[in-house]
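Welcome! Please take a moment to look over the sequence and the 3D structure shown here, and then read on for a short guided tour.

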Amino acid sequence: VSSNGIQSTPLNLATYWKCSANTTDVRVDYKYNPEAMVAPSVLSNIQVVVPVDGGVTNMQSLPPAIWYYTSTKPEDTSFYCRNAEQMKAFWKLSSISEKSENG
């Protein structure tokens, strides 16, 4: 397998974190890269999950995300907070293409 780094990926991601005693800011930027594909096409069902620990109990997000708990047991897929130390932000984007707002 050979790769040309970031130029060979159809979706480039960059994350930025800023943490302080009272807040945690995270930003995820994405860019559609049609040059990485022989025949550029729409990317579908994109999911981004960001684990956040440290006792975060409230989240604001654009676009809206699901804020949920996941346990270490695969059979437990509950979406409510049992332990704020194990929270995750989940975004689902239906499609990304050259015409996307952030792509």
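This briefing goes through the strands, the largest pocket and a few local details.

Keep in mind that this is a predicted model. One part to look for is an open sheet of three strands, in the order S3-S5-S4. Another is a hairpin formed by S1 and S2. There is also a largest pocket, with about 760 Å³ of space in it.

**The three-stranded sheet**

- The order of the open sheet is S3-S5-S4, and the pairing in it is antiparallel.
- Strand S3 (43-52) and strand S4 (66-69) are at the edges with a single partner strand each, so one side of each has no neighbour in the sheet.
- On average, neighbouring strands of this sheet are turned by 30° against each other, with direction ignored.
- As general background, the strands of a sheet pair through backbone hydrogen bonds, and they may do so in a parallel or an antiparallel way.

**Who pairs with whom in this sheet**

- Nine bridges link S3 with strand S5 (residues 87-96), in the antiparallel sense.
- Two places help you to find this pairing: Val52 is opposite Met87 in S5, and Gln47 is opposite Lys92 in S5.
- S4 pairs with S5 over four bridges, again in the antiparallel sense.
- On that side, Tyr69 has Met87 in S5 as its bridge partner.
- Met87 is therefore a handy residue to find on screen, as S5 pairs with both edge strands, S3 and S4, in the order S3-S5-S4.

**The hairpin**

- S1 and S2 make up a hairpin, and four residues lie between them.
- The two strands run antiparallel and are joined by nine bridges.
- To find your place along the pair, look for Ala14, which stands opposite Asp29 in S2.

**The largest pocket**

- How many residues line the largest pocket? The lining has 34 residues, and those nearest the centre of the pocket are Val26, Arg27, Gln60, Ser61 and Trp91.
- Strand S1 (11-19), strand S2 (24-32), S3 and S5 each give at least two residues to this lining.
- S2 supplies the largest share of the lining, with seven residues.
- By kind, the lining residues divide into 19 nonpolar, eleven polar and four charged.

**Rings and charges**

- Arg27 is one of the residues that lie nearest the centre of the largest pocket, and its charged end sits over the ring of Tyr16, 4.5 Å from the ring centre.
- How many aromatic pairs does a search of the whole structure find? The search finds zero of them.

**Backbone details**

- Which residue has a positive phi although it is not a glycine? Asn45 does, with a phi of about 55°.
- Asn45 belongs to strand S3, which is at an edge of the three-stranded sheet.
- The peptide bond from Leu62 to Pro63 is cis, and its omega is near -5°.
- Pro63 lies in the loop between S3 and S4.

Notes: Residues numbered from 1 in each chain as written. Predicted model: local features only at pLDDT ≥ 70, side-chain atom pairs only at ≥ 80, totals over all residues. Heavy atoms only, no water. Pairing = 2+ DSSP bridges. Axes fitted to C-alpha atoms, helices over the stretch in contact; angles between N-to-C directions. Phe/Tyr/Trp six-rings, centres within 6.5 Å; stacked < 30°, edge-to-face > 60°. Lys NZ or Arg CZ within 6 Å of the ring centre and 35° of its normal. 1 Å grid on protein atoms, 1.4 Å probe; cavity = no way out; pocket = protein on both sides within 12 Å on 5 of 7 lines; lining within 4 Å. Points joined across faces, edges and corners; volume = space filled by probe spheres on them. Nonpolar A, V, L, I, M, F, W, Y, C, P; charged D, E, K, R; others polar.
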